[in-house]
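Trainee: Got a minute to look at a model with me? I'd like to talk through how it fits together.
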There are 2 protein chains.
Amino acid sequence: MAFAQVTKPVSIVDVSPRDGLQNEKTPVSTEDKVRLIEELIRMGAQRIEAVSFVNPKAVPQMADADAVMAAVPRTDAVSYIGLVLNTRGALRAVDAGVDEMNYVLPVTDAFAAANQNTTVAAALTALEEVSDIAASASIPLSVTAAVAFGCPYQGDVPIEQTLEVVRSAMGRADLAEVALADTIGCAVPWQVGEAFARLREETGLQLRAHLHETRHTALANTYAAMASGVDVFDSSVGGLGGCPFAPGAAGNISTEDLAWMLGRAGFHTGIDVQKATELGRWICGLVGTKPRSGLAGAGVFPAAA
Amino acid sequence: MAFAQVTKPVSIVDVSPRDGLQNEKTPVSTEDKVRLIEELIRMGAQRIEAVSFVNPKAVPQMADADAVMAAVPRTDAVSYIGLVLNTRGALRAVDAGVDEMNYVLPVTDAFAAANQNTTVAAALTALEEVSDIAASASIPLSVTAAVAFGCPYQGDVPIEQTLEVVRSAMGRADLAEVALADTIGCAVPWQVGEAFARLREETGLQLRAHLHETRHTALANTYAAMASGVDVFDSSVGGLGGCPFAPGAAGNISTEDLAWMLGRAGFHTGIDVQKATELGRWICGLVGTKPRSGLAGAGVFPAAA
């Protein structure tokens with residue numbers, strides 16, 4: 001049964017191995033991270049945010065990023081994204097052979113200080129250098145604008161503040177994609193729709209949404225973003241995830257709920273919803289949390305699907 | 001901060017005392033039910049689905065409906081809705097002095113059999129009699145079309161099937177309002193938007209949405225329903241609720257998440273979000289469950305609000 005007027009494909013970037021795991025205190029072995037990535041590929045993921053190249057003292061779970069990248073299966077069917085916060089991370093990402101680089105750009109100075117000990121202005125300057133590093137290695141670069149819809153420190157973030165930072169980024173770097181992130185899950189759909197619609201007016205770049213389920217608005221924000229021309233979404237199996245420097249941040253939107261909603265409406269994601277639910281159960285069990293998806297509790301509908 | 005283009009008021013019908021409690025095995029005393037209703041009024045609720053007049057053997061939690069209605073404060077500021085399934089319930093509702101009557105009309109024979117031991121055709125016939133009873137007592141009557149977006153027994157429910165049943169109801173009864181219910185939380189926003197848009201084309205009646213959070217689509221469905229002209233929504237504090245005859249039905253959309261999302265976008269609901277969150281904690285604690293709202297875990301955003 002398809003309800004959507006337009007049944008174009010929608011792309012899901014599975015961020016379970018990075019955003020999903022980074023905040024979990026239970027150490028996950030390199031072997032299990034690689035197994036997770038292999039299972040995500042079997043689930044149908046074609047883009048995977050596999051690792052971040054950040055300070056291991058700040059985010060111990062990502063200390064083995066280089067080892068993970070050395071062990072994952074290489075195939076044309078999947079693109080591995082490495083997240084970076086600075087030039088040092090970008091150089092490590094090149095050495096590790098990522099397929100894509102994603103740079104996190106906070107839109108508030110308060111979050112920039114807490115998350116990566118910098119300022120928005122300094123982060124924009126660093127982005128120029130990161131862009132050069134990525135370009136030299138012919139690695140496509142995307143930017144994720146963090147706390148784009150609200151900041152745990154600043155509070156409300158006006159849409160114009162977010163757009164101004166994104167405009168600066170687009171002016172300074174050679175970008176393949178721009179994402180707006182609802183890092184702490186405080187966005188509402190009218191806000192998300194307006195922000196992406198304005199961004200769409202200003203650029204032909206591919207847009208991506210990174211949404212969290214903290215206040216249960218993630219699927220509403222997905223729907224609003226799609227109406228504003230977004231067709232790439234981050235998610236994690238089981239809704240795993242959070243941000244160590246964003247108080248109150250609950251999990252990412254779950255891959256299974258997202259893919260189920262889209263599939264039921266008639267959009268093609270290529271994701272096996274049942275497998276996503278099972279994988280969410282497995283990885284959440286491994287780190288000692290409960291899967292936060294609706295599907296983990298209620299199952300798919302209709303049951304035969 | 002207001003993001004919505006139109007900042008008209010949105011009406012929330014709090015169904016905590018009825019849909020919220022009916023499925024809970026822990027008996028709640030008449031006194032506590034009345035206290036819940038009094039607190040809902042302090043929270044800002046102006047319409048409350050207070051009780052159902054149903055077979056006490058089938059739904060023991062509602063056995064004291066008459067006593068609850070005899071004890072609640074009567075004021076022009078609040079309208080009490082009594083839910084009925086048949087003429088017997090309608091007569092009890094009149095005796096109890098409800099301000100509004102809500103008739104549950106299944107749109108599938110399979111759910112009609114399981115939920116209220118009837119058929120769609122027989123339920124439509126009974127609606128005529130219920131309408132006469134309500135009209136004689138000058139009590140406004142609304143209809144809630146159950147399993148309007150999917151049925152635990154039939155599976156998918158085509159939009160046309162739901163609309164056909166609703167059309168029959170409008171032709172046979174004098175209705176003040178029609179609701180479509182996502183009884184088991186299987187609806188997706190494209191579906192909800194299309195169903196309400198088609199219903200809006202056919203009638204000038206007030207429309208209401210009854211949404212469940214089972215698969216995390218309730219706020220997405222709210223957003224889509226609003227875009228199709230719906231401005232009345234059912235919810236329960238703490239997301240309490242379910243349906244004893246609808247396997248897999250999780251809670252209602254929570255009053256606090258709904259009112260927070262709407263308020264943050266610029267819509268006026270009159271609901272005190274903080275008070276709704278606290279009330280959800282209290283009533284969930286009383287029946288031994290955990291509040292299922294996002295706000296119960298993460299709090300409002302911005303924090304000062």
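Mentor: Happy to; we'll take the contact between chains and then one helix. This is a predicted model, where local features need pLDDT of at least 70, side-chain atom pairs count only at pLDDT 80 or more, and totals for chains, interfaces and linings use all residues. Residues are numbered from 1 along each chain as its sequence is written, chains are lettered from A and ligands numbered from 1 in the order written, and side-chain values use heavy atoms, leaving out hydrogens and water.

Trainee: What rotation superposes chain A on chain B?
Mentor: A rotation of 180 degrees with 0.0 Å of shift along its axis does it, at RMSD 0.0 Å (least squares on C-alpha atoms of residues with pLDDT of at least 70 in both). That is the relation of a two-fold axis. In chain A, Ala220(A) has the C-alpha nearest the axis, 1.7 Å away.

Trainee: How much area do chain A and chain B bury between them?
Mentor: About 3700 Å², with 70% of it on carbon and sulfur atoms; that is accessible area (1.4 Å probe) lost on putting the two parts together, summed over both. Trp190(A), Arg215(A) and Tyr223(A) supply 24% of what chain A buries against chain B, more than any other three residues.

Trainee: And how many salt bridges are there between chain A and chain B?
Mentor: Two, counting a side-chain nitrogen of Lys or Arg within 4 Å of a carboxyl oxygen of Asp or Glu. In one of them, Asp156(B) meets Arg264(A) at 2.6 Å, N to O.

Trainee: Switching to H7(A), which residues are buried?
Mentor: Ile159(A), Thr162(A), Leu163(A), Val165(A), Val166(A) and Ala169(A), where buried means under 20% relative accessible area (1.4 Å probe, protein chains only). Seen down the axis of H7(A), they fall within an arc of 160 degrees (directions from the helix axis to the C-beta atoms), so they line one face of the helix.

Conventions
Buried < 20%, exposed > 50% of the residue type's maximum accessible area, 1.4 Å probe, protein only. Helix = DSSP H or I, 4+ residues; strand = E, 2+ residues; numbered from the N terminus.
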